[in-house]
Structure formats: structure tokens, C-alpha cells
Amino acid sequence: MMKRLFDRILKSMISGQAVEIDYSSPSIPGIIRTRLHPYSVMFGRGWYVVGYSGLYRQVRTFKVSRVSDIRFLEEKFEIPSKFSLDEYLGNAWYLIPDSGPDQEVVVRFSARVARNVAEVKWHKTQEMRELPNGRIELRFQVSGLEEIQWWILGYGEEVEVVEPPKLRKMIAEHVRKMLHMYTNE
């Protein structure tokens with residue numbers, strides 16, 4: 001199934017023939033259907049297609065494994081000559097760029113995980129500084145905070161968000177909800 005979907009996406013890109021996809025969005029219940037002009041595919045913890053969505057009327061990112069069906073349409077399209085995947089992604093933490101200005105994110109990691117964290121280039125804007133007691137501080141310029149908050153939460157008590165205040169509040173709210181879930185049985 002995955003190979004069939006991927007093959008159809010590539011054929012659509014090469015032929016310039018639009019497709020319609022049925023998609024299970026992680027944020028919208030049920031199946032959405034959208035006309036898609038695939039511009040690019042990329043791999044990052046799974047295959048993704050980036051292209052113009054008729055439903056959203058803008059370029060969007062779709063995870064190929066969430067596509068349940070794909071149909072060719074009569075409509076033809078051309079990938080805009082000015083389209084650049086790098087420009088589209090901008091300083092997104094991972095795959096989903098947010099609108100609005102980039103924000104500086106500063107996080108500090110405990111000595112327990114610092115070495116493992118320091119071994120990876122997490123983001124193209126990353127700057128690292130060693131702190132006393134084996135800790136490290138990382139700085140990033142990211143467009144949007146939604147994606148990076150999930151990465152931060154994965155480190156639990158071994159990481160602290162220093163900046164921006166909005167991200168600190170987002171993490172604190174998740175932690176409050178988790179505490180409620182685990183203490184109110």
C-alpha cells in the first residue's frame with residue numbers, strides 16, 4: 001500500500017497531474033479529502049509530501065503513511081519555479097513551519113543527558129554552550145513552537161526551557177495536565 005501511494009505521488013510530480021488524497025490528519029477527526037499538487041517528497045522519521053492543497057489553499061506537509069487513498073485528476077499543474085523546499089520549511093523545528101516571526105528558543109539540559117544531546121545536530125540554527133556541572137545550553141531560531149515542545153517534553157525533568165516565556169507556559173501546561181492525569185485516579 002505504501003509503495004503504491006509513494007509511486008503515485010512521484011508519478012504526479014513528474015507528470016504534473018493533480019491528485020486527490022484521503023488523509024487522516026492528526027489534528028482533525030475523520031478523513032479529510034484534498035486536491036494536491038505534489039511539489040517535493042522528503043524523509044524524516046517517515047515519508048512526507050509537500051505540495052499545494054486545494055482544501056487549505058496553501059502549501060502544506062502531509063505524511064504519506066496517513067494517506068488512505070490517492071486518485072489522479074484531469075487537472076494539470078506546474079511546480080512553481082520559485083518554490084524552494086528549504087524556503088518553505090524555513091526554521092521549522094522539524095517539518096511543519098508556523099507563520100509569524102522566528103523565535104529564539106533557549107533550553108538547558110542536565111548533566112545526565114547533556115552528552116547525548118550534544119552529539120546531535122538538532123537544528124540548522126543550533127548553538128551550544130557548556131555550563132557548569134556538565135550541563136549544556138542550546139539555542140535555536142525556530143518558526144513556531146508546536147513541534148519543538150514535543151521534543152522538549154520527551155526529555156522530561158532533564159531539560160528546562162529558559163526562553164521564550166510562551167514556550168515555558170506551554171510546557172508547564174502540559175506538565176500540569178500530566179500531573180492531574182497521574183494523581184487523580
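The following exercises, each with a worked solution, concern a predicted model of a protein chain.

**Exercise 1. Overall architecture**

Determine how many helices and strands the protein chain holds, and in what order the elements run.

Solution. Step one is the count: the protein chain has five helices and nine strands. Step two is the order, which from the N terminus reads α-β-β-β-β-β-α-β-α-β-β-α-β-α. Step three adds the overall dimensions: along the principal axes, the C-alpha atoms occupy a box of roughly 60 × 45 × 30 Å. Step four concerns burial: of the 185 residues in the protein chain, 38% are buried.

**Exercise 2. The pairing of β7 and β8**

Establish in which sense strands β7 and β8 pair, and what connects them.

Solution. First, locate the strands: β7 covers residues 127–130 and β8 covers residues 136–142. Next, their pairing is antiparallel and extends over four bridges. Within this pair, Met-128 is placed opposite Leu-138 of β8. Finally, the two strands make a hairpin, with five residues between them. In the turn, Asn-133 adopts a positive phi of about 65°.

**Exercise 3. A nonpolar surface patch**

Identify which residues form a nonpolar patch on the surface, and classify Phe-43 and Trp-47 as buried, partly exposed or exposed.

Solution. The patch consists of Met-2, Phe-43 and Trp-47, whose accessible area together is about 310 Å². Of these residues, Trp-47 belongs to strand β3 (residues 47–53). For the classification, exposed requires over 50% relative accessible area and buried requires under 20%. Phe-43 has a relative accessible area of 56% and is therefore exposed. Trp-47 stands at 33%, so that residue counts as partly exposed.

**Exercise 4. Aromatic pairs**

State how many aromatic pairs the count gives, and what geometry Phe-43 and Trp-47 show.

Solution. The count comes to 13 aromatic pairs. One of them joins Phe-43 and Trp-47, with 5.1 Å from centre to centre and 65° between the planes. Planes over 60 degrees apart count as edge-to-face, and the pair of Phe-43 and Trp-47 is accordingly edge-to-face. A further step considers linked rings: Trp-93, Phe-109, Trp-122, Phe-140, Trp-151 and Tyr-155 are joined by ring pairs into a cluster.

**Exercise 5. Charges over rings**

Find which rings lie beneath Lys-11 and Arg-60, and give the distance to each ring centre.

Solution. For Lys-11, the charged end sits over the ring of Phe-72, at 5.2 Å from the ring centre. For Arg-60, the ring is that of Tyr-56: Arg-60 lies over the face, 3.7 Å from the centre.

Technical notes. Residues numbered from 1 in each chain as written. Predicted model: local features only at pLDDT ≥ 70, side-chain atom pairs only at ≥ 80, totals over all residues. Heavy atoms only, no water. Pairing = 2+ DSSP bridges. Patch = residues over 30% accessible without salt bridge, like charges linked within 9 Å, V, L, I, M, F, W, Y side chains within 5 Å. Areas by Shrake-Rupley, 256 points an atom, 1.4 Å probe, with all protein chains shown as cover. Salt bridge = Lys/Arg side-chain N within 4 Å of Asp/Glu carboxyl O. Phe/Tyr/Trp six-rings, centres within 6.5 Å; stacked < 30°, edge-to-face > 60°. Buried < 20%, exposed > 50% of the residue type's maximum accessible area, 1.4 Å probe, protein only. Lys NZ or Arg CZ within 6 Å of the ring centre and 35° of its normal.
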